[in-house]
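Thanks for sharing this one. Here are some numbered notes to read alongside the coordinates.

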Amino acid sequence: MSAQNSQVLAIIGQGYVGLPLAMAAVDAGWTVIGIDNFEAKVSQINAGSSPVEDISDQQLQAALAKGAYKATTDFSAVAGASVITICVPTPLDENREPDLELLRSAAVGIAPFVSNETLVVSESTSYPGTLRDVIIPIVNELKPQESQNLYFASAPERVNPGDPVWNQKNTPRLVGAIDAASKTKALGFYESICDAAVSVSTPEIAEAAKLLENTFRLVNIALINEFTQLCSTNNINVHEVIDAASSKPYGFMPFRPGVGVGGHCIPVDPLYLTWWARQSGVQANFVESADLINRQMPKFVAERALNMVEKKNDSTRVLILGVAYKPGVADVRETPATELRNYLISKGATVAWHDPLVSQWEGSKSVDLGWDCDVAILATMQPGMSLNQLTKRKVKILDCTNTLDIQDGVIGI
Ligand SMILES: NC(=O)c1ccc[n+]([C@@H]2O[C@H](COP(=O)([O-])OP(=O)(O)OC[C@H]3O[C@@H](n4cnc5c(N)ncnc54)[C@H](O)[C@@H]3O)[C@@H](O)[C@H]2O)c1
């Protein structure tokens, strides 16, 4: 007999995607089991301390207190769920190609415990065919004999951590299922937690749409980063140009330059697309080139900052301000600050960093703003980071964020 409960959801992976989904589902009346194989994170969550910025400790504690949510490392808990969503990382391997090891291990983890009539959804970003060719075969091979009727769909997550407007609930959700029965189940589930579920004809359409969305961002950022280098060489303020172009009411969308691209999505997902293209015998040259331009940006920024310093004899002291990949988060995954720091060090600079949201990064600690430096690079403007201390001391600042007033000693990217 199945132990499944129709209002129980199991979520594999309790990170930036899985935990906010859990809280959204609790709000919608689901009882949620959050499964994660990182024991320390499970203990932290069950103690009421949220590991992600978008979920407050209070919200988490309320869900725990009413018994609507619990985290565990025990995969057998999925047996009680009518819906299982997979929200584990899909990074790149050392060759910068898709690494589905964690996704496979999540599928292997749930498969022996999936009860009959369960809907299994992948929310992780991956190339088209991942649900059909990777996840479904694993689950079907390892599932219990009595679990003959399973439903499968792909519903790529679109959450934007730190975004005050768009969240799990009000962001329309793409849903692509493998058959009509799976589609009905998956739409029913997402309509219970999101304002709108958008049905597409196959899982591959949903998976490809996710890659297109993030590749669109990558190539537009690359265009503006390349354009910035051109403007900078000609002493033209790129932000004023972007503002000017933005006055056109149609056909233009502003993107801003920066140290590069970071996070788990924008630098990574487009390489799932380029890999998918190569597997299909097609070359995604445009995307490959955008990736290259963005990866060269930290070097451009570093050179520009070093050129601001007059003394050339001693080691130049450079302070990087904000090392998380974007404001409002402590997430340093794929942050372009890493390449910036490495390049500065390779040029003989002494480098320290300050970030009020990040305490430890690459084996070092955040220094305070009193750290004596020749130049500071504002890479990410973290909320609450006041730079008065630096401007009062007339420290030279290269602002890569377009947030400081351009004044004596402060220049834009
Ligand atoms: N972070 C974002 O902004 C974002 C946005 C949209 C989509 N996505 C996609 O969502 C997926 C998850 O990303 P994330 O940012 O939430 O990752 P994350 O690293 O924040 O969280 C993933 C969690 O999964 C756990 N985990 C890893 N392998 C596991 C396994 N086999 N079994 C159980 N738990 C496991 C990890 O311990 C971690 O806690 C990725 O495919 C990502 O591309 C992320």
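1. A word on terms to begin with: a helix here is a DSSP run of H or I with at least four residues, and helices are numbered from the N terminus. With that in hand, arginine 341 can be placed in helix H11, residues 337-346. Please keep in mind throughout that this is a predicted model.

2. Is arginine 341 buried or exposed? Its relative accessibility is 13%, so arginine 341 counts as buried, the cut-off for that class being under 20%. Beyond the residues up to four places away in sequence, arginine 341 touches Ile320, Val351, Trp361, Glu362 and Ser364. If you are looking at the surroundings of this charged side chain, those five names are the ones to display.

3. Next, the nonpolar interior. In soluble globular proteins, nonpolar side chains tend to be buried together. The largest nonpolar core in this model has 50 residues, and the members that touch the most others are Ile12, Ile84, Ile86, Ile110 and Val139. Helix H7, residues 203-233, supplies the largest share of this core, with seven residues. Apart from this core lies another one of 36 residues, including Leu21, Ala22, Tyr69 and Ala71.

4. Isoleucine 86 deserves its own view. Once its neighbours within four places in sequence are left aside, isoleucine 86 is in contact with Ile12, Leu103, Ala106, Ile110, Val120, Val121, Ser122, Glu123, Ser124 and Ile135. Two of these partners, Ile12 and Ile110, are also listed with Ile86 among the core members that touch the most others.

5. Leucine 211 sits in helix H7. Its relative accessibility is 0%, so leucine 211 counts as buried. Which residues does leucine 211 touch, not counting those up to four places away in sequence? They are Thr125, Ser126, Tyr127, Pro128, Asp269, Tyr272 and Leu273. For a distance check, the C-alpha atoms of leucine 211 and proline 270 are 6.3 Å apart in space, while the two residues are 59 apart in sequence.

6. Following on from H7, asparagine 235 is found in the loop between H7 and helix H8, residues 238-246. Asparagine 235 is not a glycine, yet has a positive phi of about 55°. With a relative accessible area of 75%, asparagine 235 is exposed. In H8 itself you will find alanine 244, which is partly exposed at a relative accessible area of 48%. Alanine 244 and proline 254 are ten residues apart along the chain, and their C-alpha atoms are separated by 9.9 Å.

7. A second asparagine belongs on the backbone checklist. Asparagine 402 has a phi near 60°, again a positive value in a residue other than glycine. Asparagine 402 lies in the loop between strand S14, residues 396-399, and strand S15, residues 410-412. With a relative accessible area of 38%, asparagine 402 is partly exposed.

8. Strand S15 also holds isoleucine 411. At 29% relative accessibility, isoleucine 411 counts as partly exposed. Its C-alpha atom is separated by 8.1 Å from that of lysine 396, which is 15 residues away along the chain. Leaving aside neighbours within four places in sequence, the contacts of isoleucine 411 are Arg304, Met308, Ile397, Leu398, Asp399 and Ile406.

9. On to the cysteines. A disulfide is a covalent bond between the sulfur atoms of two cysteines. How many disulfides does the structure hold? The count is zero. For cysteine 87, the nearest cysteine sulfur is that of cysteine 194, 12 Å away. Cysteine 87 counts as buried, at 9% relative accessibility. Cysteine 265 is in no disulfide either, and its nearest cysteine sulfur, that of cysteine 87, is 12 Å away. At 29% relative accessibility, cysteine 265 counts as partly exposed.

10. Last, the empty space. Rolling a probe the size of a water molecule over the atoms shows where empty space is left. A search of the whole structure turns up one cavity of 30 Å³ or more. The largest cavity has a volume of about 50 Å³. Its lining is made by Glu157, Arg158, Val159, Asn167, Gln168, Thr171, Pro172 and Arg173. By class, that lining comprises two nonpolar, three polar and three charged residues.

Key
Residues numbered from 1 in each chain as written. Predicted model: local features only at pLDDT ≥ 70, side-chain atom pairs only at ≥ 80, totals over all residues. Heavy atoms only, no water. 1 Å grid on protein atoms, 1.4 Å probe; cavity = no way out; pocket = protein on both sides within 12 Å on 5 of 7 lines; lining within 4 Å. Points joined across faces, edges and corners; volume = space filled by probe spheres on them. Core = buried A, V, L, I, M, F, W, Y, C linked by side-chain atoms within 4.5 Å. Buried < 20%, exposed > 50% of the residue type's maximum accessible area, 1.4 Å probe, protein only. Helix = DSSP H or I, 4+ residues; strand = E, 2+ residues; numbered from the N terminus. Contact = heavy atoms within 4.5 Å. Disulfide = S-S within 2.5 Å.
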